[in-house]
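Please open the structure in your viewer and keep the sequence panel visible. The tour below goes from one selection to the next.

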Amino acid sequence: MKKVICFGELLLRLSPRLNGAWIAEHQMPVYIGGAELNVARALARWGLPVGYCTALPAHGLADEVISFVREQGIDVSAIRRSGERIGTYYLPQGADMKAAGVIYDRAYSSFWNLAPGEINWDEVFADVHWFHFSAISPALNAQAATVCLEAAMAASRRGITVSVDLNYRAKLWQYGKQPIDVMPELVQHCDVVMGNIWAEQQMLGIPVPASLVDAKEACLEQSWQSSGEILRRYPRCRQVANTFRFDAGEGGIRYYATLYDGNASYVSPEQQAATIVDKVGSGDTFMAGLIYGNCQNWWPQEVIDFAAAAAFNKLFIYGDATTSSVEEITKAHNNYVY
């Protein structure tokens with residue numbers, strides 16, 4: 001079977017209840033996550049061989065974290081033991097990763113301190129078919145960006161499919177570089193790009209009219225224009241996927257996604273819900289669905305339908321990663337659509 005390797009920082013998410021509840025109750029839930037680990041966990045749950053590459057300190061707490069990752073069915077042999085701390089962030093319960101509520105505590109973590117040349121990519125990529133990373137890692141510092149470039153170039157030289165999730169985190173990118181200064185060089189080595197039209201504007205300079213309205217037809221047209229421009233600028237890229245997630249009412253959501261492969265355009269069914277449980281990890285689950293469908297050699301419409309269904313399904317699951325099987329996601333999607 002085709003093996004996937006995901007590269008990025010493992011994070012501890014501390015999720016307090018606000019208005020003093022976390023202080024009064026003397027407790028704060030802790031979730032093991034990180035965008036790329038969330039992708040790996042989904043793929044492992046769906047039966048794909050997957051490994052995870054990151055850096056963690058050599059102490060007992062990190063040992064327990066690695067044991068947890070291994071128990072999810074993920075190959076942890078590529079985890080580098082170095083540095084002194086695990087990256088963390090605080091996200092109050094009910095908040096969105098893109099909102100102002102997130103507080104990062106990632107500086108000088110083991111991953112933050114990774115330097116070029118420290119990871120033997122020839123060993124990491126042995127028997128690997130697909131390499132995935134996200135725009136969160138190069139947002140940490142210039143050194144991390146260089147390590148991502150080193151990895152993407154090593155993978156592309158081997159003929160490995162390379163994917164990137166253009167996650168934009170406004171509170172990162174604090175080292176004197178903007179995404180547009182860094183991401184285009186990385187995307188030059190990518191076969192599959194996932195994001196949304198606004199992230200593509202922020203990171204790749206793909207224009208989106210300020211007058212664009214929240215109307216589906218207008219958003220779809222812009223998605224095709226942005227996707228086509230990415231394929232034109234980045235000849236290696238063969239597939240662009242965009243997600244559209246809009247708030248609806250009090251706590252509700254509208255969700256759909258697109259896929260463009262240079263030959264045809266594909267749109268998932270639109271899904272809506274009046275209430276959701278947890279937004280964290282929905283985009284990562286979408287990325288996992290995109291990888292999974294491609295590794296199964298599915299027709300593009302099947303790929304985007306499953307990826308969108310998996311992402312929508314994650315909105316009703318607490319925690320950073322999906323716990324649903326392929327069969328459960330497919331059944332829920334069919335019940336919703338048909």
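The stops that follow cover strands, aromatic pairs, two loop residues and one helix of a predicted model.

**Stop 1: strand 2 and its sheet**

Start by selecting residues 11–14, which make up strand 2. Both faces of this strand are covered: Leu11 and Arg13 lie on one side, Leu12 and Leu14 on the other, and all four are buried. In a regular strand, side chains alternate between the two faces of the sheet.

Now add the partners. Strand 3 runs antiparallel to strand 2, and 4 bridges join the two. Leu11 stands opposite Gly33 of strand 3, while the partner of Leu14 in strand 3 is Val30. Strand 7, residues 87–90, pairs with strand 2 in the parallel sense, again over 4 bridges. On that side Leu14 has Tyr90 as its bridge partner. Leu14 can therefore be displayed together with Val30 of strand 3 and Tyr90 of strand 7.Which strands complete the sheet, and in what order do they lie? Four strands form an open sheet in the order 3-2-7-8, with mixed pairing. Its edges are strand 3 (30–33) and strand 8 (103–105), each of which pairs on one side only. Neighbouring strands in this sheet are turned by 25° against each other on average, direction ignored.

**Stop 2: strand 9 and its two neighbours**

Next, select residues 130–134. This is strand 9, and 5 of its 5 residues are buried. Trp130, His132 and Ser134 point one way from the strand, and Phe131 and Phe133 point the other way.

Strand 1 (residues 4–7) runs parallel to strand 9 and is joined to it by 3 bridges. Strand 10 (residues 161–165) also pairs with strand 9 in the parallel sense, over 5 bridges. Phe131 is a convenient residue to centre on: in strand 9 it is the bridge partner of Ile5, and its own partner in strand 10 is Val162.

Keep Phe131 and Phe133 displayed and add Phe7, Phe111, Trp121 and Phe125. These six residues form one aromatic cluster.

**Stop 3: His189**

Move to His189, in the loop between helix 6 (179–187) and strand 11 (192–195). Is this loop residue buried or exposed? His189 is buried, with a relative accessible area of 18%, and the cut-off for buried is under 20%. Leaving aside neighbours within four places in sequence, the contacts of His189 are Leu149, Ala152, Met153, Ser156, Val162 and Arg236. Val162 was already on display at the previous stop, as the strand 10 partner of Phe131.

**Stop 4: Asp214**

Select Asp214, in the loop between helix 7 (197–204) and helix 8 (216–233). Asp214 is partly exposed, at 49% relative accessibility. With neighbours within four places in sequence set aside, Asp214 is in contact with Phe246 and Arg254. A distance label between the C-alpha atoms of Asp214 and Phe246 should read 8.5 Å; the two residues are 32 apart in sequence.

**Stop 5: aromatic pairs**

The model has 23 aromatic pairs in total. One of them is Phe244 with Tyr256, a stacked pair with 5.0 Å from centre to centre and 15° between the planes. Phe244 belongs to strand 12 (residues 239–248) and Tyr256 to strand 13 (residues 252–260), so the pair ties together parts 12 residues apart in sequence. Phe244 is buried at 0% relative accessibility, and Tyr256 is buried with a relative accessible area of 0%.

A second pair to display is Trp298 with Phe306. Their ring centres are 5.5 Å apart and their planes stand at 85°, so this pair is edge-to-face. Trp298 is partly exposed, with a relative accessible area of 28%, whereas Phe306 is buried at 5%.

Before leaving Tyr256, add Lys216. Its charged end sits over the Tyr256 ring, 4.7 Å from the ring centre.

**Stop 6: helix 10**

Finish with residues 300–314, which form helix 10. How many of its residues are buried? The count is 14 of 15, and the helix is mostly covered. From first C-alpha to last, helix 10 reaches 21 Å, close to the 21 Å expected at 1.5 Å a residue. An α-helix has 3.6 residues a turn, so residues three or four places apart point the same way.

Terms used. Residues are numbered from 1 along each chain as its sequence is written. This is a predicted model: local features need pLDDT of at least 70, side-chain atom pairs count only at pLDDT 80 or more; totals for chains, interfaces and linings use all residues. Side-chain values use heavy atoms; hydrogens and water are left out. The expected span of a helix is 1.5 Å times one less than its number of residues. Buried means under 20% relative accessible area, exposed over 50%, partly exposed in between (1.4 Å probe, protein chains only). Rings of Phe, Tyr and Trp (its six-membered ring) pair if their centres lie within 6.5 Å; planes under 30 degrees apart count as stacked, over 60 as edge-to-face and the rest as tilted. A charge sits over a ring if NZ of Lys or CZ of Arg is within 6 Å of the ring centre and within 35 degrees of the ring normal. Two strands pair if DSSP finds at least two bridges between them. Axes are lines fitted to C-alpha atoms, for helices over the stretch in contact, and angles run from 0 to 180 degrees between N-to-C directions. Contact means heavy atoms within 4.5 Å.
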